[in-house]
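Trainee: I am new to this structure. Please take one part of it and walk me through it closely.

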Amino acid sequence: MSYSYLDQSTYGKDNVKFLKVKKDKTNPKLHEVMEATVCVLLKGNFDISYTKADNAPVVPTDTVKNTILIFAKKYDTFPIEKFAAKLALHFTSKYSHVSGLTVKITQDRWVKYDVDGKESLHSFVHQGPEKKITFLDWDKKNGTSSYSLSTSIKDLTVLKSTNSMFYGYNKCEYTTLKPTTDRILSTDIFATWEWNSSKLGSLEAVSSGSKDSIFNGAYHNARDITLDIFAKENSPSVQATMFNMATAILKVAPQVDYVSYELPNKHYFLFDFKWFKGLENDNELFYPSPHPNGLIKCRVGRQQAKL
Ligand SMILES: O=c1[nH]c(=O)c2[nH]c(=O)[nH]c2[nH]1
């Protein structure tokens, strides 16, 4: 009897990068670029490669990389949720011992800019660290209508210079924070919406493109709602604001079951100049305090209708 056993395993290729130019000869306005980073990790019966040093079942990670790039060339990569489903169906049907997989695709944000008052047909500005991410986790045994799929916006950095408050919190002998009705609020938005696979449709339907408008609509709605509420609300706290954002997204995305936010509270502290000839500071001069930062998370679901 051996001392150990293989409890879990998965493997594949991470950081597979490509830039795809989507050309449309009939309508040059539809010309787009996608820069993406893909991670595909296979699940299945690869046990002997770990326990017996037998590589017979191993689909090399190099093959996984080549497949991702060939598929990116041959098929539409927009939206990334569809491309993830396409890859998932391929790896699980091509190799019978692959029982499932995870696919993560991270898309850079390249946006066309205006030249002479008109949107350029082919020149883009990179929007910094902001990303769109999709994550698919699927086990073949559950059938193609049962999978776990989510989409996120990550690292969208925002700041508002007023209309943010924080007061009424618990106070004890450790509390030094002063309540405020006017502070800086800044965060790196990380929002995730989790799809209900039975409402969305099978992986075949997702990979066929018939759900593209649902994915595109949810992404644009989630981004707009996040930025809109951030700007419009006189925020009582990060907690209350993120809950309102999540609720608003659930209202417009019926195929989504949960919306999560993970928001650092990137503090900017008012500098006290009173020591300098009593100089007043009317919420004008702050110093960024990158650490420690608050970190506030929530996952919001839809209330079941009461019978
Ligand atoms: O919006 C906030 N939520 C908190 O929980 C918190 N805690 C803190 O010190 N400042 C803030 N701000």
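Mentor: Here is a close look at one helix pair, followed by the domain boundary beside it in the account. Keep in mind that this is a predicted model.

Start with the two helices. H2 covers residues 61–74, and H3 covers residues 80–94. Two packed helices are described by the angle between their axes and the distance between the axes. Here the axes come within 11 Å and cross at roughly 130°. An angle over 145 would count as roughly antiparallel, and 65 to 115 as roughly perpendicular. The crossing falls in neither range, so H2 is oblique to H3. The crossing of H2 past H3 is right-handed.

Now the residues. H2 brings Thr-67, Ile-68 and Phe-71 to the contact. H3 answers with Lys-86, Leu-87 and His-90. By type, the residues of this contact are three nonpolar, two polar and one charged.

Next, step back to the domains. The domain assignment gives domain 1 as 8–141 and domain 2 as 143–307. Their C-alpha centres lie 27 Å apart. Across the boundary, 18 residues of domain 1 are in contact with 19 residues of domain 2.

H3 returns here. On the side of domain 1 that touches domain 2, H3 and strand S4 (118–139) each supply at least two residues. S4 gives the largest share of that side, with 10 residues. The residues of this side of domain 1 divide into nine nonpolar, one polar and eight charged.

So follow H3 through the model: H3 contacts H2 through Lys-86, Leu-87 and His-90, and H3 also supplies residues to the side of domain 1 that touches domain 2.

Technical notes: Residues numbered from 1 in each chain as written. Predicted model: local features only at pLDDT ≥ 70, side-chain atom pairs only at ≥ 80, totals over all residues. Axes fitted to C-alpha atoms, helices over the stretch in contact; angles between N-to-C directions. Helix = DSSP H or I, 4+ residues; strand = E, 2+ residues; numbered from the N terminus. Parallel < 35°, antiparallel > 145°, perpendicular 65-115°, else oblique. Left-handed = near helix turned anticlockwise from the far one by under 90°. Contact = placed C-beta atoms within 7 Å. Nonpolar A, V, L, I, M, F, W, Y, C, P; charged D, E, K, R; others polar. Domains from an automatic or database assignment.
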